[in-house]
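Subject: Handing over the structure

Dear colleague,

I am passing this structure on to you, and below it you will find what came out of going through it. Please have it open while you read.

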Amino acid sequence: MRDRLRRELGDPVFEAWIGPLSLESCDRDELKIGASKPFVRNWVANHYVARIERAFRAEGADPVSLSIVMAAPSVGANAHIAREPADLPASNVSYLPPPAGNREEDGAKGLWTRMLHPQQTFESFIPGSANAFGHGAARAFAEGQQSDIPLLYIHGGFGFGKTHLLNAAALEFRKRGKRTLFLRAEDFMRHFLGALYRKDTLAFKEELRTAEVLLIDDLQHICRSTATASEFLYTVNAFADLRRRVVIAADRAPHGLEGLGADVKSRLAGGLCIALDKPDRDTRLAIVKARASEFSRHKPDVVLPEAVLERIADLDDASPRELIGVFTKLATYADLTKKPVTMETAEEAVGLRASPGTKTSIEDIQRKTAEFYKLEVKDFHSPQRARRVARPRQVAMYLSRKLTTRSLPEIGRRFGGRDHTTVLHACRRIEALIDEDPLFRQEVDFLSQMLQRRGEL
């Protein structure tokens, strides 16, 4: 059973998700599989019950009902039940826990909660003339071929593949048994400032330095605090002294990072710096075709004409992320309506993209969001916490982060002087609701598209 699921799901997903699951009970035809954490239970229940049932049938069993429940606490010998052959399952997202026997379960151990996407591997990254060097360098670094270089710095525009390469590197490091810590710059800053507040920075430093590999995404967001920048430099230097690896991604080269001292910039520039540029048309077409192939594996009835794929690839101002967004919209339209995607439909979808050079301001976002939810802009600045105000305010904060280049502290100031942690919480809450509620996702997508239309504002 476990071997079958490993083949179907791949090693990263299997290793990340099989462990937390156990066979809780098998009463006649009712099968209960236990998960140690609510997140694991909910994800498996929502996405993989049918696959688990098929796996049982393939092994000769045919349960009438199968449910995912919270596992009973494991004690003594029972602690190893999750390793028995009866276990099952998986997910589409790979959790990145620390190796067993460590202390990350409490308090500041939230450093280790980053989840990896098993699909974002070096194999699934589409290299082209603009990013082949970056792809090759990141892979060689993760595979240990650049053992004399302790730091890799990747920079490029939004949606150019920086996070994909960091995710791929993290997967490769973990496959090689390295204790890998993957953080957003905002997470680093939040945990460090929390440790300062608790007067517990020593525990933060010790916990951070238990990692063998440190990956930090969106470094540009760390450039707002002298204390945080200094701690970041100490961390990078400590990893170099210990001959451990550091991988960093940002939207600009080291010399362009605002708020960082010359010492930090010099340290970053002293590593292997690689740039990801805008892909050419051939690469854009390869990216769209790869996404189409992946989509068709799950939805074999959805096939977009070659001409439509080429039209998407013609968007020479689009990032890979935007290309995938346009494709996904068209493919989802075809799947839900059961209608073929014509060139007219494709042109309409392309036309709803953000126009080159069109900038959306926080004020625009507040105004449109307030109109949509029948509120006043001043409500977003007020201390009101009623749901009818709080949720639209969180949506506006989320869109401000998504559609502008403003930092979290700046966004917070524009919403009545709120703290950057409030903005971060709002963004994460909206991201979670988008995943859970299709209707809410449609609301946010509509607002986002409306704000990005040419001449709409």
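Before turning to the helices, one convention is needed: angles under 35 degrees count as roughly parallel, over 145 as roughly antiparallel, 65 to 115 as roughly perpendicular, and the rest as oblique. Please also keep in mind throughout that this is a predicted model.

With that convention in hand, consider helix α17 (residues 387–403) and helix α20 (residues 438–452), whose axes come within 11 Å and cross at roughly 50°. The two helices, α17 and α20, are therefore oblique to each other, and the crossing in which α17 passes α20 is right-handed. On the side of α17 the contact is made by Arg391, Val395, Tyr398, Leu399, Lys402 and Leu403, and on the side of α20 by Phe440, Val444, Leu447, Ser448, Leu451 and Gln452. Sorted by class, the residues of this contact of α17 with α20 are eight nonpolar, two polar and two charged.

A second pair of helices can be described in a similar way. Helix α11 (residues 281–298) packs with helix α13 (residues 320–337) at an angle of about 40°, the axes being 10 Å apart, and α11 and α13 are therefore oblique to each other. The crossing of α11 past α13 is right-handed. Here α11 contributes Arg284, Ile287, Val288, Arg291, Ala292 and Phe295, while α13 contributes Pro320, Leu323, Ile324, Phe327, Thr328, Ala331 and Thr332. The contact of α11 with α13 holds nine nonpolar, two polar and two charged residues.

Helix α8 (residues 201–208) and helix α9 (residues 226–241) form a further pair, packed at an angle of about 40° with their axes 11 Å apart, and α8 passes α9 in a right-handed crossing. In this contact Phe204, Lys205 and Leu208 of α8 meet Glu231, Tyr234, Thr235 and Phe239 of α9, which by class gives four nonpolar residues, one polar and two charged for the contact of α8 with α9.

Next comes the sheet. Five strands make up an open sheet in the order β7-β8-β9-β6-β10, and their pairing is parallel. At its edges lie β7 (180–184) and β10 (272–276), each of which pairs on one side only. On average, and with direction ignored, neighbouring strands of this sheet are turned by 15° against each other.

Starting from the β7 edge, β7 pairs with strand β8 (residues 213–217) in the parallel sense over five bridges, and Phe182 stands opposite Leu215 in β8. Further along the order, β6 is joined by five bridges to strand β9 (residues 245–250), with the two running parallel, and in this pairing Leu151 stands opposite Val246 in β9. Strand β6 (residues 151–156) also pairs with β10, again in the parallel sense and over five bridges; Ile154 stands opposite Ile274 in β10, and Gly156 stands opposite Leu276 in β10.

How are the side chains of these two strands, β6 and β10, placed with respect to burial? In β6, six of its six residues are buried: Leu151, Tyr153 and His155 point one way, Leu152, Ile154 and Gly156 point the other way, and all are buried. Along β10, by contrast, the side chains alternate, with Leu272, Ile274 and Leu276 pointing to one face and buried, whereas Cys273 and Ala275 point to the other face and are not.

One single residue may also be worth your attention, namely His164, which has its place in helix α6 (residues 162–175). Is His164 buried or exposed? Its relative accessibility is 16%, and for that reason His164 counts as buried, the cut-off for burial being under 20% relative accessible area. Leaving aside residues up to four places away in sequence, His164 touches Gln120, Thr121, Ser124 and Phe125.

Finally, here are the totals for the chain, against which you can set the details above. The chain has 20 helices and ten strands, and 47% of its 457 residues are buried. Of the contacts in the chain between residues at least 6 apart in sequence, 74% join residues at least 24 apart.

With kind regards

Technical notes. Residues are numbered from 1 along each chain as its sequence is written. This is a predicted model: local features need pLDDT of at least 70, side-chain atom pairs count only at pLDDT 80 or more; totals for chains, interfaces and linings use all residues. Side-chain values use heavy atoms; hydrogens and water are left out. Axes are lines fitted to C-alpha atoms, for helices over the stretch in contact, and angles run from 0 to 180 degrees between N-to-C directions. Helices (H or I, at least four residues) and strands (E, at least two) are DSSP runs, numbered from the N terminus. A crossing is left-handed if the near helix is turned anticlockwise from the far one by less than a right angle, and right-handed if clockwise. Contact means heavy atoms within 4.5 Å. Ala, Val, Leu, Ile, Met, Phe, Trp, Tyr, Cys and Pro count as nonpolar, Asp, Glu, Lys and Arg as charged, and the others, Gly among them, as polar. Two strands pair if DSSP finds at least two bridges between them. Buried means under 20% relative accessible area, exposed over 50%, partly exposed in between (1.4 Å probe, protein chains only).
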